[in-house]
Amino acid sequence: MMEKFYLIVGHVGRLELLVPQGVRLVQLRIKGQDDTELRRQIIRARDFCAVHRAQLVINDYWQAALDLRCGFVHLGQEDMESADFPALRRAGVRFGLSTHDEDELERALSLDPDYVALGPVYPTLLKEMKWPPQGLDRVARWKRMAGNTPLVAIGGLTTDRVPGVIAAGADSVAVVTDIQQADDPEARTREWIRVCAS
Ligand SMILES: Cc1ncc(COP(=O)(O)OP(=O)(O)O)c(N)n1
Ligand SMILES: Cc1nc(C(=O)O)sc1CCOP(=O)(O)O
Ligand SMILES: [Mg+2]
């Protein structure tokens, strides 16, 4: 059963602030750091999540996840080019995959992932995307096509949008900006948890 609330953070410090609010699934999405800093943060996040019984997902850096015995990675389409899926499988590392169109979804499902993500469901401020917002009809379509594979919705999500996205068929909702930019990110995290529990 996929956790409904999926928090994504850009630094281990944020993870340490927000996971104790009750987060059960958190992605560490580090960009632009050298290998030493990257691994330092992954180790800290791994050990912190173990204590707090949260599932850590490492974005992009599947080799570091393997080396540091992290159990879950998220890979985008470009990340998938270099990923050693047999090695991940041998090590029992679970993986989620990004998808944005039907070819990507077909390719992702052929790898039997632990989830597929569809985005951006709504416009996102986080990064420039070459896909227009997918909308809720596409969420519903993805759910039908993904079958038993859990579906994560991502992109421009706010607590107000959660009920519609879940009603359309998403199993889980992933968020960066709405929490990252909140005046009180701890309170906003608790609000996400409350909305996702209802
Ligand atoms: C849950 C989830 N879905 C999608 C993404 C995006 O992954 P990717 O396309 O590889 O882009 P970056 O996040 O690496 O910029 C994600 N990280 N998590
Ligand atoms: C990192 C990312 N990947 C996406 C995809 O569609 O693959 S959308 C996205 C940004 C999600 O963040 P926010 O909650 O800030 O919009
Ligand atoms: Mg990536």
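Two strands count as paired when DSSP finds at least two bridges between them. In this predicted model, asparagine 59 stands opposite histidine 74 of strand β4, and that spot opens the views below.

**View 1. Strands β3 and β4 sit side by side with a helix between them in the chain.** Strand β3 covers residues 55–59 and is joined to β4 by two bridges, with the two strands running parallel. Look for asparagine 59 of β3, with histidine 74 of β4 opposite. Put β3, helix α3 and β4 together and you have a right-handed β-α-β unit. The loop between α3 (62–67) and β4 (72–75) is home to arginine 69, which comes up again in View 6.

**View 2. From β4 the pairing carries on to β5 and then to β6.** Four bridges link β4 with β5, again in the parallel sense. Histidine 74 turns up once more here, since its bridge partner in β5 is glycine 96. Next along, β5 and β6 (residues 115–118) pair in the parallel sense, also over four bridges. Serine 98 has alanine 117 as its bridge partner in β6. Why can strands line up like this at all? Strands of a sheet pair through backbone hydrogen bonds, either parallel or antiparallel.

**View 3. Eight strands close up into a barrel.** In what order do the strands of the closed barrel run? They go β1-β2-β3-β4-β5-β6-β7-β8, with parallel pairing. Neighbouring strands of this sheet are turned by 25 degrees against each other on average, if you ignore direction. The ring shuts where β1 meets β8 (residues 172–175), a parallel pair with three bridges. At that seam, leucine 7 has valine 175 of β8 as its bridge partner. UniProt, in an unreviewed entry, places the feature "domain: Thiamine phosphate synthase/TenI" at residues 14–179. The C-alpha atoms at the two ends of that span are 10 Å apart, and the span is 43% helix and 19% strand.

**View 4. Strand β1 is tucked inside the structure.** Is β1 enclosed or open? Five of the five residues of β1 (residues 5–9) are buried, so the strand is largely enclosed by the rest of the structure. Phe5, Leu7 and Val9 point one way, while Tyr6 and Ile8 point the other way, and all of them are buried. That back-and-forth fits a general habit: in a regular strand the side chains alternate between the two faces of the sheet. On the β2 side (residues 25–28), three bridges join the two strands, which run parallel. Here leucine 7 stands opposite valine 26.

**View 5. Helix α1 bridges the gap in the chain between β1 and β2.** β1, α1 (residues 12–18) and β2 form a right-handed β-α-β unit. Leucine 15 is part of helix α1. It counts as buried because 25 C-beta neighbours lie inside 10 Å, and the cut-off for buried is 20 or more. Leucine 15 is 183 residues away from serine 198 in sequence, and their C-alpha atoms are 24 Å apart in space.

**View 6. Three loop spots have backbone features to look out for.** Glycine 119 and proline 120 are joined by a cis peptide bond, with omega at about -15 degrees. Proline 120 sits in the loop between β6 and α7 (135–146). Arginine 69 has a phi near 55 degrees, a positive value in a residue other than glycine. Arginine 69 is exposed, with 11 other C-beta atoms within 10 Å. Aspartate 112, in the loop between α6 (102–110) and β6, has a positive phi too, near 50 degrees. Aspartate 112 is also exposed, with 10 other C-beta atoms within 10 Å.

**View 7. Ligand 1 has a shell of 15 residues.** Which residues come nearest to ligand 1? They are Gly76, Ser98, Ala117, Ile154 and Ala174. Strands β5 (94–99) and β7 (151–154) each supply at least two residues of this shell. By class, the shell has four nonpolar, seven polar and four charged residues.

**View 8. Ligand 2 has a shell of 16 residues.** Gly119, Thr124, Gly155, Val176 and Thr177 come nearest to ligand 2. Gly119 is also one side of the cis peptide bond from View 6. The shell around ligand 2 divides into seven nonpolar, seven polar and two charged residues.

Note on methods: Residues numbered from 1 in each chain as written. Chains lettered and ligands numbered in written order. Predicted model: local features only at pLDDT ≥ 70, side-chain atom pairs only at ≥ 80, totals over all residues. UniProt positions renumbered as here; feature names shortened; annotations may be inferred. Buried ≥ 20, exposed ≤ 12 C-beta atoms within 10 Å, placed from the backbone. Right-handed = clockwise from strand over helix to strand, strands pointing away. Near = placed C-beta within 6 Å. Nonpolar A, V, L, I, M, F, W, Y, C, P; charged D, E, K, R; others polar. Axes fitted to C-alpha atoms, helices over the stretch in contact; angles between N-to-C directions.
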